[in-house]
Amino acid sequence: MVFSSSIFIFIFLPILFCLYYIANNKCRNVILLIASLLFYSWGEPKYIFLMLFSIVINYALGFLVEKEWKLKKLFLVMAVVVNLGLLFYFKYTNFALDTFSRIARVNVTLKDIALPIGISFYTFQIMSYVIDVYRGNVKAQRNIVKLALYIALFPQLIAGPIVRYVDIEKQINNRIVNVSGVYNGIIRFMIGFSKKVLIADQLSSFVGVAFEGSRNSILIKWVGIIAYTLQIYYDFSGYSDMAIGLGKMLGFDFLENFSFPYISETIQEFWRRWHISLGSWFRDYLYIPLGGNRKGKVRTYINLIIVFMLTGFWHGASFNFIAWGLYYAFFLVIERLGFSKVLNKLPKAFRHIYSVIVVMFGWILFRAEGLKNALIYIKDMFVLHGDDFRNFAIEISPSIIFWIVVGIIFAIPYPWIKTKIEEKNALKIVRDVVLMVVFLIAISFMVGSGYSPFLYFRF
């Protein structure tokens with residue numbers, strides 16, 4: 001089940017909210033857990049047992065890590081091995097066997113293993129729970145229903161943000177549902193829904209044309225990567241907005257996952273603004289334990305390379321994603337080596353252009369099917385093919401240009417507008433009316449377009 005679907009908007013949410021709001025606090029966790037398991041199992045019922053197994057095994061290991069002081073490190077290692085082992089089996093086995101077959105020149109075959117939706121996200125959440133118990137940051141959860149709710153909570157289950165147990169422990173035990181929270185949650189959900197349906201989904205067809213390569217055109221390639229740069233941002237940040245909004249409606253406060261990343265002036269700044277929950281997870285559970293920047297410059301650079309290589313690999317079982325991670329590691333290292341000082345001497349506009357261009361070329365590695373196709377795409381961005389303008393005219397449409405312009409406009413923050421709206425209730429009413437109209441338009445687009453999964457579902 002996806003947020004941008006009729007069954008979710010018109011059936012799942014109304015029934016859940018009716019039951020949830022009339023129930024007392026003791027029953028709300030049970031209702032929400034049942035709804036979350038139903039939400040997850042809607043498309044792939046068999047994988048609910050994998051999630052339940054992960055919940056039970058980590059529930060037990062959390063207790064052992066907390067209680068068995070002499071063996072706590074052993075139980076922590078067990079938890080990491082079990083969780084990463086499951087993730088590796090379902091996500092990376094096919095990739096590993098295929099790579100081995102190519103290197104060894106042997107035919108090792110295995111039936112394709114389907115990837116359970118959201119396994120990368122809930123695996124990291126489970127691991128953060130056990131690690132934080134080991135560190136003494138939180139106590140092991142005695143109530144398995146509460147721990148299961150933390151893992152299976154449907155708003156952020158499929159594509160994040162990665163929510164840490166330490167951040168919502170108190171909210172799982174006791175949370176307040178009030179009119180203000182529900183109101184703010186609805187506003188946030190409408191914003192995210194509109195971003196996904198009206199911008200990301202409308203750009204997807206042109207992005208597909210650009211990356212399929214059926215019509216070669218230097219213009220299609222450049223406009224295509226601009227469109228994809230906007231599509232993935234509005235798709236993923238739209239999901240995060242909806243998740244945060246749904247959380248507020250249910251009494252939860254999830255941390256922000258995006259902060260206008262395309263206004264960044266360095267790649268370091270970009271990664272402080274993009275997928276914040278994943279970046280902070282790798283920082284706290286890998287980069288700092290490796291030594292962070294405390295063991296000299298060379299070790300810092302090595303740690304950055306390791307972290308971003310694994311960040312890329314986390315996204316998918318493909319050399320594309322490994323290359324994508326190493327690509328960012330390269331720019332982060334050269335900025336630390338002194339390039340950031342050079343950037344600081346340049347006008348702000350040049351720093352911004354540098355950041356956007358680096359990110360755009362990174363998205364080519366991310367989106368293309370294979371490294372070879374990524375390199376071909378980059379080559380085609382700088383080579384005329386003869387029918388460039390005609391092919392571009394055939395594929396482009398006024399609506400694509402419109403949504404690209406809209407996407408660029410709303411990728412930039414306007415703090416003065418926000419301040420004015422917060423100061424005057426009349427402007428708040430105007431904003432809400434406009435949002436409602438846009439949301440209704442997005443609903444009509446959704447009904448007309450059918451199923452449209454989020455891009456990060458495959459991770």
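Let me begin with E265, which counts as buried, at 15% relative accessibility. In this predicted model, the side chain of E265 meets that of K348 in a salt bridge, with 3.9 Å from N to O. The two residues sit in separate parts of the chain: K348 belongs to helix α15, residues 348-367, and E265 to the loop between α10 and α11, so the pair ties together parts that are 83 residues apart in sequence. K348, unlike its buried partner, is exposed, with a relative accessible area of 57%.

How many salt bridges are there in the model? The count comes to 17. I shall describe two others.

One of them joins R188 and E256, whose closest N and O atoms are 2.6 Å apart. Here R188 lies in helix α9, while E256 lies in the loop between α10 and α11, so this pair ties together parts that are 68 residues apart in sequence. R188 is buried, with a relative accessible area of 18%; since buried means under 20%, that value falls below the cut-off. E256, at 40% relative accessibility, counts as partly exposed. The pair also belongs to a wider arrangement, for R188, K195, D241 and E256 are linked in a network of salt bridges.

The other is the salt bridge between the side chains of R142 and E66, at 2.7 Å from N to O. R142 is found in the loop between α5 (119-135) and α6 (144-152), and E66 in helix α3, residues 48-67, so the contact ties together parts that are 76 residues apart in sequence. Is each partner buried or exposed? R142 counts as partly exposed, at 41% relative accessibility, whereas E66 counts as buried, at 15%.

Let me return to the loop between α10 and α11, where we also find N257. N257 is buried, and its relative accessible area is 0%. Its side chain is joined to that of S240 by a polar contact of 3.2 Å. Which residues does N257 touch, leaving aside its neighbours within four places in sequence? The contacts are P161, F236, S240, I244, R273, W274, H275, I276 and S277.

I turn now to the open spaces in the model. The largest pocket holds about 1600 Å³ of space. It is lined by 39 residues, and those closest to its centre are I191, F260, F410, R431 and L435. Which elements supply at least two residues each to this lining? They are α9 (179-212), α10 (218-250), α18 (398-410), α19 (415-423) and α20 (425-449). The largest share, nine residues, comes from α9, the helix that also holds R188 of the salt bridge with E256. By class, the lining of the largest pocket has 24 nonpolar, six polar and nine charged residues.

The second largest pocket has a volume of about 490 Å³. Its lining is made of 17 residues, and W271, R272, G279, R283 and F308 are the closest to its centre. Two or more residues of that lining come from each of α11 (267-273), α12 (276-287), α13 (297-315) and α14 (319-344). Among these helices, α12 gives the largest share, with seven residues. The lining of the second largest pocket divides into 10 nonpolar, four polar and three charged residues.

Finally, I come to enclosed space. How many cavities of 30 Å³ or more does the model contain? The count comes to one, and the volume of this cavity is about 40 Å³. Its lining consists of L50, S54, N83, L86, I119, Y122 and T123. The elements that give two or more residues to it are α3, α4 (72-104) and α5, and α5 gives the most, with three. What does the lining of the cavity hold by class? There are four nonpolar and three polar residues, and no charged ones. Helix α3 is thus named twice in this talk: it supplies residues to the cavity lining, and it carries E66 of the salt bridge with R142.

Technical notes. Residues are numbered from 1 along each chain as its sequence is written. This is a predicted model: local features need pLDDT of at least 70, side-chain atom pairs count only at pLDDT 80 or more; totals for chains, interfaces and linings use all residues. Side-chain values use heavy atoms; hydrogens and water are left out. On a 1 Å grid over the protein atoms alone, a cavity is a set of points where a 1.4 Å probe fits but cannot get out, and a pocket is an open set with protein on both sides within 12 Å along at least five of seven lines; lining residues have an atom within 4 Å of a point. Grid points are joined across faces, edges and corners, and a volume is the space filled by probe spheres set on the points. Helices (H or I, at least four residues) and strands (E, at least two) are DSSP runs, numbered from the N terminus. Ala, Val, Leu, Ile, Met, Phe, Trp, Tyr, Cys and Pro count as nonpolar, Asp, Glu, Lys and Arg as charged, and the others, Gly among them, as polar. A salt bridge is a side-chain nitrogen of Lys or Arg within 4 Å of a carboxyl oxygen of Asp or Glu. Buried means under 20% relative accessible area, exposed over 50%, partly exposed in between (1.4 Å probe, protein chains only). A polar contact is a pair of N or O atoms within 3.5 Å; within protein, one must be able to donate a hydrogen and the other to accept it, and residues adjacent in sequence count only if both atoms are side-chain atoms. Contact means heavy atoms within 4.5 Å.
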